[in-house]
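Thanks for making time for this today. I would like to walk you through one structure, going from its charged pairs to its cysteines and then out to its surface.

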Amino acid sequence: MRIGLYLSESKDLGKLRDRIAQAADDGFPSAWISNIFGLDALTALAVAGSQVPGIELGTAVVPTYPRHPGVMAQQAMTANAALEGRLALGIGLSHQIVIENMYGYSFDKPARHMREYLNVLLPLVRGEAADFTGETLRGHMQLSTPGAGMPVLIAALAPRMLKLADELADGTVLWMTGPKTVAEHVAPALRPGKRIVCALPVCVTDDVEGARAKAAEAFAIYGQLPSYRAMLDREGAAGPGDVAIVGDEDSVRAQIEALAKAGVTDFVASEYAEFPRTRQLLRTMLA
């Protein structure tokens with residue numbers, strides 16, 4: 001199992017570049033950023049990441065609805081060209097409250113939308129022509145953009161989305177999904193060779209109770225969004241604080257190793273407290 005880093009949202013491209021450089025210097029094979037309401041993830045990685053060689057850079061995740069798959073493909077390929085082939089494109093549906101209430105798009109038939117989205121996106125990012133007419137979108141085009149060939153991962157939690165991750169994509173990107181749920185729900189749905197990228201909050205500390213309380217507060221919103229709430233319920237977790245990886249060095253190491261046994265191929269650590277101690281433990285696990 002590879003261990004990467006989740007880089008917290010930044011408004012400063014220079015700081016993002018420094019965080020990527022530190023991750024690379026520390027030996028991490030990958031670093032991932034979200035696409036919420038700060039920097040555009042693909043643009044930010046193209047700018048900041050192009051200054052740091054070697055490390056894989058991923059989006060976790062870019063929402064599909066606001067961007068036609070042809071536009072997503074063109075932007076992702078441009079970013080991948082800037083990164084010299086080191087981009088992992090993670091895409092996702094986002095959430096009904098965001099897509100309908102903020103963007104004004106219909107969130108009807110989300111799994112159908114993702115299947116049709118991939119039918120246009122995937123040929124394009126492979127450097128091929130897209131020729132598809134579906135119920136929710138269509139795409140008839142071919143791009144001359146450089147940078148074809150990056151892996152495409154989807155945020156897949158529900159069964160129909162996991163089926164798409166297995167059939168069409170290179171794997172899935174998870175958040176707020178614990179080892180029991182990975183082992184019993186996610187991994188069995190994916191064939192060998194598919195990536196399971198699992199991001200969770202991590203803190204190496206002697207104050208386990210305090211660290212879990214801090215995670216519960218910092219990540220509270222994810223316990224209220226239906227897709228993550230469903231994963232927490234599968235895990236038997238009351239909230240995000242219960243799936244955070246917390247404890248001393250031996251305990252955190254064991255919890256991360258349990259994810260590998262569950263089927264995770266890429267663990268992405270979201271450090272949220274006790275930063276030097278947490279980073280040091282993660283570095284020792286890279287060998």
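What follows is a short tour of side-chain interactions and burial.

Please keep in mind throughout that this is a predicted model.

Let me begin with the charged pairs, since the structure holds 19 salt bridges, and I will pick out a few of them. In one, the side chains of Arg-195 and Glu-56 meet with a nitrogen-to-oxygen distance of 3.0 Å. That pair ties together distant parts of the chain, with Arg-195 in strand β10, residues 195-204, and Glu-56 in strand β3, residues 56-59, the two being 139 residues apart. Arg-195 is buried, and Glu-56 is buried as well.

Arg-195 has another partner, Asp-266, and here too the closest N and O atoms are 3.0 Å apart. Asp-266 sits in strand β12, residues 266-271, and Arg-195 in strand β10, so that this pair again links distant parts of the chain, at a separation of 71 residues. Asp-266 and Arg-195 are both buried. If we put these pairs together, we arrive at a network of salt bridges that links Arg-2, Glu-56, Arg-195 and Asp-266.

For another setting, consider the salt bridge between Arg-112 and Glu-135, with an N to O distance of 2.3 Å. Arg-112 belongs to helix α5, residues 110-125, while Glu-135 lies in the loop between β6 (130-133) and β7 (138-141), 23 residues apart from its partner. Arg-112 counts as partly exposed at 32% relative accessibility, and Glu-135 is also partly exposed, at 48%.

Now to the loops. Arg-67 is located in the loop between β4 (62-63) and α3 (69-82), and with a relative accessible area of 15% it is buried, because that value falls under 20%. What does the side chain of Arg-67 join in a polar contact of 2.5 Å? The partner is the side chain of Asp-40. Beyond its neighbours up to four places away in sequence, Arg-67 touches several residues, including Asn-35, Leu-42, Met-72 and Tyr-117.

Ser-34 is placed in the loop between β2 and α2, and at 10% relative accessibility Ser-34 counts as buried. Its C-alpha atom is separated by 5.7 Å from that of Thr-59, although the two residues are 25 apart along the chain. Leaving aside neighbours within four places in sequence, Ser-34 is in contact with Tyr-6, Ala-41, Ala-60 and Val-61, and with the side chain of Tyr-6 the side chain of Ser-34 makes a polar contact of 3.0 Å.

Next, the cysteines. How many disulfides are there? The count comes to zero. Cys-198 is in no disulfide, and the nearest cysteine sulfur, that of Cys-203, is 17 Å away; Cys-203 is likewise in no disulfide, with the sulfur of Cys-198 as the nearest one. The pair fails to qualify because a disulfide needs the two sulfur atoms within 2.5 Å. Cys-198 is buried at 0% relative accessible area, and Cys-203 counts as buried at 1%.

Finally, the surface. Ile-36, Phe-37, Met-102, Tyr-103 and Tyr-105 make a nonpolar surface patch of about 530 Å². Is Phe-37, one of these residues, buried or exposed? With a relative accessible area of 56%, Phe-37 is exposed, and its place is in the loop between β2 (30-33) and α2 (41-49).

Key:
Residues numbered from 1 in each chain as written. Predicted model: local features only at pLDDT ≥ 70, side-chain atom pairs only at ≥ 80, totals over all residues. Heavy atoms only, no water. Patch = residues over 30% accessible without salt bridge, like charges linked within 9 Å, V, L, I, M, F, W, Y side chains within 5 Å. Areas by Shrake-Rupley, 256 points an atom, 1.4 Å probe, with all protein chains shown as cover. Salt bridge = Lys/Arg side-chain N within 4 Å of Asp/Glu carboxyl O. Helix = DSSP H or I, 4+ residues; strand = E, 2+ residues; numbered from the N terminus. Buried < 20%, exposed > 50% of the residue type's maximum accessible area, 1.4 Å probe, protein only. Polar contact = N/O pair within 3.5 Å; in protein donor to acceptor, adjacent residues only side chain to side chain. Contact = heavy atoms within 4.5 Å.
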